[in-house]
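Thank you all for making time for this. I would like to walk through the fold one element at a time, so please keep the sequence and the picture in view while I talk.

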Amino acid sequence: MRVSIVHPRELAESDIERWRALQEADPAFDNPFLSPEFTIIVGELQEQVRVAVLQDGRETVGFLPFERHAMGIGKPVAAGLTDAQGLVHVKDLELDPRELIRSCGLGVFEFDHLVAGQPLLSGRHTRHPSPIIDLRDGYDSYVETIKRDSGKTYRSTAYKARKLQRDHGPIQHDYATTDRTALRTLLGWKTGQYRRTGRTDRFARPWIVELVERLLATDTERFGGVFDVLRVDGRPIAGHFGLRTATTLAGWFPAYDTAFAKYSPGLIHHLAMAEKAAAAGIEVIDLGRGEKEYKEKLKNGEFEVMEGRIARPSAGAGIHWALRVPVRKARGTVLANPVLRTTADRALKTFGRLRTSLSS
C-alpha cells in the first residue's frame, strides 16, 4: 500500500469525488465531520492540516484527515471540536495502524471521537456512547417514542411552549437561515455558557469564528452548515449551528438566552429543529458524545465512538504519554464515578461564576 501526504488544497477533484463516494458507501461515515469539505475548509484556516491518501495499486482505498503538530504528535482535524473522527475507507480494508502513522510522519495519533469499526483501532482504547435522534421512521414516530420513554419531559416542554407564547408572544422557528446577526447572538450565548460552566471559550479563538462563518456560507447537496433559530415575538431566544450531509445533521453549537431559562427554550428548540430537519430529508441528528441531561431526554438511539491513541516508538510518543495519558486516566476515573463527576462539574461552575463576577 502506498501512502501520500498532502495538504487539503492539493487534493485533486478526482480525489474529492472518490472521498465522497467512499463516505456515501458506508453508513458509518455518514457524518459531516468526515466529509472532504470540512477538512478542506479547516485546511484553509489551519496550515497543520494534512490528508493521508491510501492507494492499493491504482485504486484509492482511503483518506485519513489529520493535524501534524510538533514532535510528531498527530490529532484529528479541528481536534477538540469534532464529534466524528477517523479514516474513510473501502470495506474490509486491512492495514497496520502503526505503519500508517509512520507514513504520516507521526509518532502518535490521539483520538476521542473515532467512529466504530475503524481499522485504525489497535491496542488500548475506550468506548463511549454518542446519543442520536433517529428520524429514519419520521418525526411523528420519533415523537411517539419520546412520549413513551420521556413522557414527563415531552408534556412539560409542550406546556412551557404554550406558556412562553402566552407570556411573550408567538413562537417562530427559522431552519437553515443565513441570518448572521442571529448567528452572532448565538455565539455570544455560547461564550456566556462556556464562562458560566468554567470551560474554555472556543470563540475566543478568531479562527473558529471564521470557520463557523465559512461553513454557514457553504450549502451543497452533500454538505453544508445549518443554522436555525427559535424566536418569540421576533426575538431570538434559542438556536443551534451544526453541519449536515444529505441525511445526517451533526449537533455542534446549541445555546439559548438565559433570560428565558424557566421555559426550557433549548428543549423547545430541539424538538422544533428535529421536525424541520426531518422535513428537509435529515434521517439522523447526532447529538455528540457527552453526558448532558438534554441529550438523555431527547435521544432515541446511540452510536459508539472510541477514545485512545496509536503510538510507535518515538520521542514524540514518549512525551505524549508522559504529559497526556495520566490526565486522561484521571478524567476517565472522574467520568466513570457519578459522585466525582458531579463534584467536578460543580467546581467548574463555581470557577465560572467567580470568573464572570471578576470580569464584570
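The buried residues of helix α2 are covered by a set of elements that includes α1, β2 (49–56), β3 (59–69), α7 (206–216), β10 and β11. I should say at once that this is a predicted model, and everything that follows is computed from it. Helix α2 itself spans residues 36–45, and seven of its 10 residues are buried, which leaves the helix mostly covered. Those seven are P36, E37, F38, T39, I41, V42 and G43.

From α2 we can step across to α7, one of the elements that cover it, and look at I208, which is found in that helix. With a relative accessibility of 1%, I208 counts as buried, the cut-off for that word being under 20%. Although I208 and V42 are 166 residues apart along the chain, their C-alpha atoms are separated by 9.1 Å. If we set aside residues up to four places away in sequence, I208 touches L81, R202 and F203.

Let me turn next to strand β10, another of the elements over α2. Why can we call β10 largely enclosed by the rest of the structure? The strand covers residues 235–244, and nine of its 10 residues are buried, so the rest of the structure largely encloses it. On one side of the discussion is β9, residues 224–232, which runs antiparallel to β10 and is joined to it by nine bridges. Within that pairing, F227 has F241 of β10 as its bridge partner. The two strands form a hairpin with two residues between them, and D233, in the turn, has a positive phi of about 50°. Strand β11, residues 248–256, also pairs with β10 in the antiparallel sense, here over six bridges, and R244 stands opposite L249 in β11. β10 and β11 form a hairpin too, with three residues between them.

F241 deserves a second look, since it takes us to the nonpolar interior. The largest nonpolar core has 61 residues, and those that touch the most other members are F38, L215, F241 and W252. Apart from that core lies another, of 18 residues, with V143, I146, A277 and L287 among them. As a general remark, nonpolar side chains in soluble globular proteins tend to be buried together. Coming back to F241, and not counting residues up to four places away in sequence, its contacts include L183, L186, V212, L215 and L216, as well as F227, W252 and F253.

Now to the second largest pocket, which has a volume of about 540 Å³. Which residues of its lining come closest to the centre? Of the 28 that line it, they are P27, F29, D30, N31 and T248. Helix α1 (13–25) and the strands β12 (284–286) and β13 (301–311) each supply at least two residues of this lining. By class, the lining is made up of 10 nonpolar, seven polar and 11 charged residues.

I will finish with H89, which is found in β5, a strand of residues 88–89. Is H89 buried or exposed? Its relative accessible area is 8%, so H89 is buried. Leaving aside its neighbours within four places in sequence, H89 is in contact with L22, F29, V61, G62, G117, Q118 and P119. One of these, F29, we have already met among the residues closest to the centre of the second largest pocket.

How values were computed
Residues numbered from 1 in each chain as written. Predicted model: local features only at pLDDT ≥ 70, side-chain atom pairs only at ≥ 80, totals over all residues. Heavy atoms only, no water. 1 Å grid on protein atoms, 1.4 Å probe; cavity = no way out; pocket = protein on both sides within 12 Å on 5 of 7 lines; lining within 4 Å. Points joined across faces, edges and corners; volume = space filled by probe spheres on them. Helix = DSSP H or I, 4+ residues; strand = E, 2+ residues; numbered from the N terminus. Nonpolar A, V, L, I, M, F, W, Y, C, P; charged D, E, K, R; others polar. Buried < 20%, exposed > 50% of the residue type's maximum accessible area, 1.4 Å probe, protein only. Pairing = 2+ DSSP bridges. Contact = heavy atoms within 4.5 Å. Core = buried A, V, L, I, M, F, W, Y, C linked by side-chain atoms within 4.5 Å.
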